[in-house]
Amino acid sequence: MSLTHQHSPVAKLEQRTVVDIIAKGKRLDERGTQDYRPLTITLGIIEKANGSAQVYLGKTKVVAGVKVEIGTPFQDTPNEGILTVNAEFVPMASPTFEAGPPDENSIELARVVDRGIRESKAIDLSKLCIDPGKKVFMVFVDIYILDHDGNLIDAAGMAALGALVSAKMHEFDVKNGAPVFKDKIMPLPMKNYPIAITATKIENSIILDPSLEEEQVMTCRLTVTTDKDDRVVAMQKGGLGVLTPDEAKQIVSTAISKSRDLRSKILSKVN
Amino acid sequence: MEEVRLLDKNGLRVDGRRLDELRPLKLEVGILDKADGSAYIEHGKNKILAAVYGPREAQPRHIALADRAVLRCRYHMAPFSTEERKSPAPSRRELELSKVIREALEPSIMSEYFPRATIDIFIEVLQADAGTRCAGITAASLALADAGIPMRELVAGCAAGKVEGKVVLDLSDLEDKKGDADLPVAFMPKSNVIGLLQMDGSMTEDEFKQALDMAVDACRRIYEMQREALRQKYHLVKEESEAKEEAPAPEVKQ
């Protein structure tokens, strides 16, 4: 069952400071309202994974790993590989994270990232079929939140995309319904590159890439995932507040233009 | 795979609807005896019950908040609600939907009136036919009103989407599965604000704007139906009480 969370333990005075400064069109760390914090992406940091990426977004740290394994396809898509996205909010990342089964926040994050990858058809799953109806490749994307300083969805989305574009697997032939791997290495069959942009509403201002202290005073957020052709592929509103239809339209427009920079930044890392 | 046509040559949809036409809706308020508030919705082939308990003392005590009620929400699908049996254990989808539904309803509730209490919302999907989260919100908002919980406004839910390149309202099950995009929206018409907004599929910016306007407009229509459903129930209650008042007083035996 989903329930209202405890308020963030931020002093009222500090909350007021954050809200007031944003109302003036400024931010505590002197960024512009639409600016991202410094972004560092490192691909291939985990040798044992097929693909991996580490994203530092300001002080937020996220690692994603891709593992490719063999499994049984779903009945309704016998000719397609399987994509699974999971997120772990590990307890070291924040005083508010606890060990245990995934809670609604990590499930929501994983499902939002999953929707972006799935709906943009980022992976050509038809190329991951081994024996129709019996055997296919399964792509597992596991997202690890290591340090939570706000805007986890965007950081996780970029880490997942980075891990996917860096992922390698052996080329294969199919003999008697089983894959025979060759020595030659190939990338995952990627067709598209989704980027999630989350806009956060604080009182009546809309900012991008909130830090944790900004997130703690937010009214609500709206994540918009767009693909390489500027099409919207996934959206998710979160938080207890509300948006007007005009604000939602404005955020979509912002997300489309902002996503181009971030996408090219990730793709430039692929050699 | 067999090609499924979702629009015919006249531009009508598989169930004969126009692009911006809602499926038939039926709303009933106060249909459960034990719950403090309840409502039932039929939206297309969706059959959904919503019940509200509370405000009541928060249990376990540690979840209580000092300045407002805790809102708890459970969205659940019955095992027999879908083509193939659904496991009764809550899926990741149901956990996510419970969260976004709570976040859609919470802004409408004056929870600051009930510190240390909980308000529990239960949504049971008895039969699913696309758009269950929106129909669930429409019903749950009525159940909250039926429970007498102070609210800023009713919340209405409706999805828009895209099939065969055309923006359409209120996707049916087939359109949801074979279509190009789905955009569920929950909206409060008087304050002109959105409480729930999700999307999956593929849309251009213009298509999104068009779909959002269509869904918002449908929510306004559903909102009127919600008011009518409340009026139906409480109008009858009022008539009954008036009838009692008008009845001649029983004769007192001397």
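Reader: What does α5(A) lie across, and at what angle does it run to β10(A)?

Author: In this predicted model, α5(A) lies across β10, β11, β12 (220–226) and β13 of chain A together with β9 of chain B. Its direction is at about 135° to β10(A). Angles here run from 0 to 180 degrees between N-to-C directions, which means that a value over 90 is possible.

Reader: What makes the strands β11(A), β10(A), β12(A), β13(A), β9(B), β8(B), β6(B) and β7(B) an open sheet?

Author: These 8 strands follow one another in that order, with antiparallel pairing. The sheet has edge strands, β11 (205–208) of chain A and β7 (166–169) of chain B, and each pairs on one side only. From one strand to the next, the twist averages 20°.

Reader: How do you know that β10 and β11 of chain A pair?

Author: Strand β10 (residues 195–202) of chain A is joined to β11(A) over 4 bridges, in the antiparallel sense. Pairing requires at least two bridges, so these strands count as paired. At one position, A:Lys201 stands opposite A:Ile206 in β11(A).

Reader: What makes β13(A) and β9(B) a pair?

Author: Here too the test is at least two bridges. β13(A) and strand β9 (residues 193–203) of chain B have 4 bridges and run antiparallel, so they meet that test across the two chains. A:Met235 stands opposite B:Met199 in β9(B). Helix α1 (residues 92–105) of chain B lies across β13 of chain A together with β8 (181–188) and β9 of chain B, at about 140° to β9(B).

Reader: Which element gives the most to the side of chain A that touches chain B?

Author: That element is β13(A), with 7 residues. The contact takes 32 residues from chain A and 34 residues from chain B. By class, the chain A side has 15 nonpolar, 9 polar and 8 charged residues.

Reader: Why is one side of β1 of chain A left without a neighbour in the sheet?

Author: The open sheet concerned has 6 strands in the order β1(A)-β4(B)-β5(B)-β3(B)-β2(B)-β1(B), and its pairing is mixed. β1 of chain A and β1 (25–29) of chain B stand at the edges with a single partner strand each, so one side of each has no neighbour in the sheet. For β1(A), 2 bridges lead to strand β4 (residues 70–77) of chain B, and the two run antiparallel. The bridge partner of A:Leu3 in β4(B) is B:Arg72.

Reader: How do you know how α3(A) and α5(A) pack?

Author: Two packed helices are described by the angle between their axes and the distance between the axes. For helix α3 (residues 152–166) and helix α5 (residues 245–267) of chain A, the angle is about 35° and the axes are 10 Å apart. The crossing of α3(A) with α5(A) is right-handed. A:Met158, A:Leu161, A:Gly162 and A:Val165 in α3(A) meet A:Leu262, A:Ile266 and A:Leu267 in α5(A). By class, this contact has 6 nonpolar, 1 polar and no charged residues. Gly counts as polar, so A:Gly162 is the polar residue.

Reader: Why is chain A said to be as compact as a globular protein of that length?

Author: Chain A has 5 helices and 13 strands. Its radius of gyration is 20 Å, close to the 18 Å that the globule rule gives for 271 residues, so the chain is as compact as a globular protein of that length. Buried residues make up 43% of the 271 residues in chain A.

Technical notes. Residues numbered from 1 in each chain as written. Chains lettered and ligands numbered in written order. Predicted model: local features only at pLDDT ≥ 70, side-chain atom pairs only at ≥ 80, totals over all residues. Left-handed = near helix turned anticlockwise from the far one by under 90°. Contact = placed C-beta atoms within 7 Å. Rg over C-alpha atoms; globule rule 2.2 N^0.38 Å. Buried ≥ 20, exposed ≤ 12 C-beta atoms within 10 Å, placed from the backbone.
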